[in-house]
Amino acid sequence: MTTPAFRALFENRPVILAPMEDVSDAVFRRLCRALGADLCVTEFVNAEGLLRGCRNARRKLKLDADDTPTAIQIYGSNPERLAEAARVAEEANPAFIDINCGCWVPKIAGRGAGAGWLRNPTAMVEMAKLIVGTVKLPVTVKTRIGYGPESEMPIIELAKRLEGAGVSALTIHCRTAQMGHSGKADWSWARKAREVVNIPVVVNGDIKTADDAQRAFDETGCAGVMVGRAAIEHPWVFREARTLLDTGVHLAGPTAAERLELCREHLRKNVEARGEPHGVRVIRRHLSGYLHGLKGAAALRKQLLFDDTLSGCLAILDAADARRKAEAHEVWIASQ
Ligand SMILES: Cc1cc2nc3c(=O)[nH]c(=O)nc-3n(C[C@H](O)[C@H](O)[C@H](O)COP(=O)(O)O)c2cc1C
């Protein structure tokens, strides 16, 4: 059911952190929100795992009081089990429930979950209707423009039918399932879908910079933009996009000090949440982006990749920060 609180989420052209397995966890959501993300979606939660009470599913479902607004995304291939899982997810008090109908990974789509639903749009719409009728919270769907390689993408007709089923908003990753993450996202499909429905449509795919976010809004007229991979390397994209959208100003990128501090903060919070060594390893996919442009970044990253301990990684980063400060001081003295 669409509520005023739900509609308010889309009033100011939100820039949304995409659901990303092993990335969009509670720690990363908090970092991105502090940097300007207006709305976050959890990593996808397997409906079966959730109903079995599996530990990983329970971890993904846990939303702290300040983790808001955050939607919980679920996936599965059985409508009744998905509806049951949605009811469990609802108890965690998310902003809404999102259903994953876009994951292209063969072990998921091949079993009828994720983008597998795109092979049978009628079944997808029926499943969405069942979930809408089961929970009190608004239900949204994240999907792709088609399964591939259709010439005319089914997303237009599907958007209308999902709206008819009571879905409150739609996120469109503007690629087909068969494209995976390759090829260019074609935002024109989000615009065409947006034109035929009254619910908010969020455009996703290849939004990498603040300029991309602005262009995606301008070209599609969509209600929101969703950022995935670019946030892994550059979570500052949220404040840069927010500032550009609100004021027309292009913010400068983060300073070296900010980059090092974000690394430290992410490490500390990850280890607090997940312990060592997992909490340390989880950050590795972010490193090349976080350290981008720093003097000696490649060597620094290599050192960090070989250390599984929080204290070791913090010492490496502290030493880099001390070098940076000493060099800045030398430059300052030389210029006097
Ligand atoms: C590491 C990774 C994990 C992902 N996990 C999910 C997921 O759990 N649920 C989902 O709907 N999409 C998932 N996606 C897809 C993203 O949400 C997004 O649709 C896709 O990356 C396209 O957006 P982008 O071009 O901004 O990255 C994942 C993508 C990546 C790179």
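Helices (H or I, at least four residues) and strands (E, at least two) are DSSP runs, numbered from the N terminus. The structure is a predicted model, in which local features need pLDDT of at least 70 and side-chain atom pairs count only at pLDDT 80 or more, while totals for chains, interfaces and linings use all residues. Residue numbers start from 1 along each chain as its sequence is written.

**Overall view: the protein chain contains 17 helices and eight strands.** The C-alpha trace spans about 70 × 45 × 40 Å along its principal axes. The radius of gyration, taken over C-alpha atoms, is compared with a globule rule of 2.2 Å times the number of residues to the power 0.38. For 336 residues a compact globule would have a value near 20 Å, and the 21 Å of the protein chain agrees with this. A residue is termed buried if 20 or more other C-beta atoms lie within 10 Å of its own, exposed if 12 or fewer, and partly exposed in between, with C-beta atoms placed from the backbone. Of the 336 residues, 45% count as buried. Two residues are in contact if their C-beta atoms, placed from the backbone, lie within 7 Å. Among contacts with a separation of 6 or more, 66% are made by residues 24 or more positions apart.

**Domain view: the domain assignment gives domain 1 (4-247) and domain 2 (256-334).** These bounds come from an automatic or database domain assignment. The C-alpha centres of domain 1 and domain 2 are 31 Å apart. Seven residues from domain 1 and 10 residues from domain 2 form the contact. On the side of domain 1 that touches domain 2, α2 (26-34) and α11 (229-233) each contribute at least two residues. The largest share of that side of domain 1, three residues, is drawn from α2. By class, this side of domain 1 comprises four nonpolar, one polar and two charged residues. In this classification Ala, Val, Leu, Ile, Met, Phe, Trp, Tyr, Cys and Pro are nonpolar, Asp, Glu, Lys and Arg are charged, and the others, Gly among them, are polar.

**Ligand view: 22 residues surround the ligand.** A residue is counted here if its C-beta atom, placed from the backbone, lies within 6 Å of the ligand. The closest residues are A18, M20, F44, G228 and R229. Both β2 (39-46) and α11 supply at least two residues of the shell. Nine nonpolar, eight polar and five charged residues make up the shell around the ligand.

**Close-up of α2: helix α2 is largely enclosed by the rest of the structure, since seven of its nine residues are buried.** The buried residues are A26, V27, F28, R29, R30, C32 and R33. They pack against β1 (15-17), β2, β3 (70-75), α11, α12 and α13 (256-274). After α2 comes G36, which has a positive phi near 115°.

**Close-up of α9: the buried residues of helix α9 (residues 188-196) are W189, A190, A193 and R194.** These residues cover an arc of only 135° around the axis, which puts them on the same side of α9. The arc is that of the directions from the helix axis to the C-beta atoms. The elements covering these buried residues of α9 include β5 (139-146), α8 (155-164), β6 (169-176), β7 (201-204) and α10 (210-220).

**Close-up of E240: this residue is located in helix α12 (residues 237-247).** E240 is buried, having 23 other C-beta atoms within 10 Å. When its neighbours within four places in sequence are left aside, E240 is in contact with A210 and L251. The C-alpha atoms of E240 and Y147 lie 33 Å apart in space, and the two residues are 93 residues apart in sequence.

**Close-up of the cis peptide bonds: the bond from T68 to P69 is cis, with omega near 0°.** P69 is placed in the loop between α4 (55-61) and β3. Another cis peptide bond joins G148 and P149, with omega about -5°. P149 is found in the loop between β5 and α8.

**Close-up of positive phi angles: N93, although not a glycine, has a positive phi of about 65°.** N93 belongs to the loop between α5 (79-90) and β4 (97-101). It counts as partly exposed, with 13 C-beta neighbours inside 10 Å. D206, also not a glycine, has a positive phi of about 65°. D206 sits in the loop between β7 and α10. D206 is buried, with 20 other C-beta atoms within 10 Å.
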